[in-house]
Amino acid sequence: MFLLKILKKLNFIRNILFFYFNIFQFWINHIKIIMNKNNYYYNIFIYKISFKKMSLSLIFLSILILIICLICLRQYLKGGVCKNKHDMTNKIIIITGPSNGLGKESAFDLLNHNAKVIFACRAEERTMKVINTLPENLRKNATFMKLDVSSFKSIINFVNEVKQKYDKIDILMNNAGAMPIKFDWTEDDYDSYFISLYLGPFLLSALLMNHMNKDGDAKIINLSSAMHLWPMIEKGDIQKYKNKDYMKAFYQNSAGSKLYNNTKLFIIYMTQYFAKFCEKNKLQIKNVCLHPGLVQSDFFAKINRSNILQSITRYILNFVLNLVSKNPV
Ligand SMILES: NC(=O)c1ccc[n+]([C@@H]2O[C@H](COP(=O)([O-])OP(=O)(O)OC[C@H]3O[C@@H](n4cnc5c(N)ncnc54)[C@H](OP(=O)(O)O)[C@@H]3O)[C@@H](O)[C@H]2O)c1
């Protein structure tokens, strides 16, 4: 059966190749005839009647090139896929923001590996709806705990609750994140996006570190992004993030993506810092960060569209993204 499928696929590819080979031959023959000076009038005649065919083949060729480019771009942007079937019974895993997108699919996958997953989310109702979609055997290992990563108070309360309920944590996955879209100064005297994308994961990791599994298997996984390659950091930026007026102006200049790129770079620095810290203090915790590839999620749907230009940009962006990005499942 499997062999038959492969043969069918090969046949299909062969037919396509033949089709394009014929077009290629057709072109070469006509170029040869046209170049032949002895047959000039005849060639002009042939050229005219086959002009339609030539333009058709040109269109086909362009479509083929476009499809190949899109497939290559998709392959490049989608990154790797984990095919690990490791049994994770008794592992306790915290995922921040698994009510949607990557966090949700990671949580479902880990539950399928028999791990116990703590759904650390700010919206209880939304998260419970997600948990309730799980079959009974997986649902029993899924626990909701309230956490808003854009609030220091919420993070501290969450950590205290975790320490009371669980003896140890095996994996912390700092996943929650959103594209900064509006100015939102919090009671912690920082912009809420700056906290949720950088300071929050930093505090959460630091507070949970001494409560993590000591058998050498513990991990802190941080979601960064390839966008860290385009940071726009000015000297002393990190100090300016404490300045309310500076941050307000920042959003007025629609610099949300600038803040996002910068925080994703800070997350990499944070991972390196904690890796060194753990090594120095003999804490057996692996600190890793990753770019998940380009994934279809709610992430881009939340991008601002307060004016027509932004709406059009968003639709074009979504269209292109749907063509080249992978499904979180
Ligand atoms: N999608 C991509 O192509 C892509 C590429 C590179 C990196 N990433 C990174 O991957 C991570 C997940 O992205 P995604 O695409 O899965 O996005 P998503 O579908 O928008 O999901 C983000 C999740 O984070 C939660 N969240 C946001 N702010 C929070 C807060 N203050 N407290 C608690 N939870 C909060 C959201 O919960 P609510 O429902 O409560 O808002 C949601 O469940 C992000 O860190 C993102 O930067 C994504």
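**A walk through the structure**

Let's start in a loop: glycine 293 sits in the stretch between strand S6 (285–290) and helix H12 (308–324). Those labels come from DSSP runs numbered from the N terminus, with helices (H or I) needing at least four residues and strands (E) at least two. Before going on, keep in mind that this is a predicted model, where local features need pLDDT of at least 70, side-chain atom pairs count only at pLDDT 80 or more, and totals for chains, interfaces and linings use all residues. Residue numbers run from 1 along each chain as its sequence is written.

Back to our starting point. Glycine 293 counts as partly exposed because it has 18 C-beta neighbours inside 10 Å. The rule behind that uses C-beta atoms placed from the backbone: a residue is buried if 20 or more others lie within 10 Å of its own, exposed if 12 or fewer, and partly exposed in between. The C-alpha atom of glycine 293 is also 9.7 Å from that of glutamine 75, although the two residues are 218 apart along the chain.

Now zoom out. The protein has twelve helices and six strands, and 26% of its 329 residues count as buried. Take the contacts with a separation of 6 or more: residues 24 or more positions apart account for 74% of them. Here, two residues are in contact if their C-beta atoms, placed from the backbone, lie within 7 Å.

What about the inside? The largest nonpolar core holds 50 residues, and the members touching the most others are Ile93, Ile94, Ile95, Val117, Phe119, Ala120 and Phe194. Helix H8 (residues 192–208) supplies the largest share of this core, eight residues. A nonpolar core, by the way, is a set of buried Ala, Val, Leu, Ile, Met, Phe, Trp, Tyr and Cys residues joined through C-beta atoms within 7 Å.

Phenylalanine 194 is worth a closer look: leaving out residues up to four places away in sequence, it touches Leu199, Tyr241, Leu259 and Thr263. Phenylalanine 194 also takes part in the meeting of two helices, H8 and H11. H8 and helix H11 (residues 256–280) pack with their axes 9 Å apart, at an angle of about 10 degrees. That angle is why H8 is called roughly parallel to H11. The axes are lines fitted to C-alpha atoms, for helices over the stretch in contact, and the angles run from 0 to 180 degrees between N-to-C directions. Under 35 degrees counts as roughly parallel, over 145 as roughly antiparallel, 65 to 115 as roughly perpendicular, and the rest as oblique.

On the H8 side of this contact you'll find Tyr193, Leu197 and Pro201, among others, while the H11 side includes Tyr260, Phe266 and Met270. The residues of the contact split into twelve nonpolar, two polar and no charged. For that split, Ala, Val, Leu, Ile, Met, Phe, Trp, Tyr, Cys and Pro count as nonpolar, Asp, Glu, Lys and Arg as charged, and the others, Gly among them, as polar.

Leucine 172, in strand S4 (residues 171–174), links up with H8 too. Its C-alpha is 9.8 Å from that of proline 201, 29 residues away in sequence. Leucine 172 is buried, since 28 other C-beta atoms lie within 10 Å. Setting aside neighbours within four places in sequence, leucine 172 contacts Ile94, Ser205, Leu208 and Ile220.

Which helix gives the most to the shell around the ligand? That is helix H4 (residues 101–112), with three residues. In total, 29 residues surround the ligand, the closest being Gly97, Gly101, Gly177, Ser297 and Phe299; a residue is near the ligand if its C-beta atom, placed from the backbone, lies within 6 Å of it. The shell divides into twelve nonpolar, 13 polar and four charged residues.

Alanine 107 lies in H4 as well. Alanine 107 counts as buried because it has 28 C-beta neighbours inside 10 Å. Not counting residues up to four places away, alanine 107 touches Ile95, Pro98, Val117 and Phe119.

Let's finish in the loops. Asparagine 90, between helix H3 (51–78) and strand S1 (92–96), has a positive phi of about 75 degrees although it isn't a glycine. Lysine 282, between H11 and S6, is another non-glycine with a positive phi, near 55 degrees. Asparagine 90 is exposed, with 9 other C-beta atoms within 10 Å, and lysine 282 is exposed with 6.
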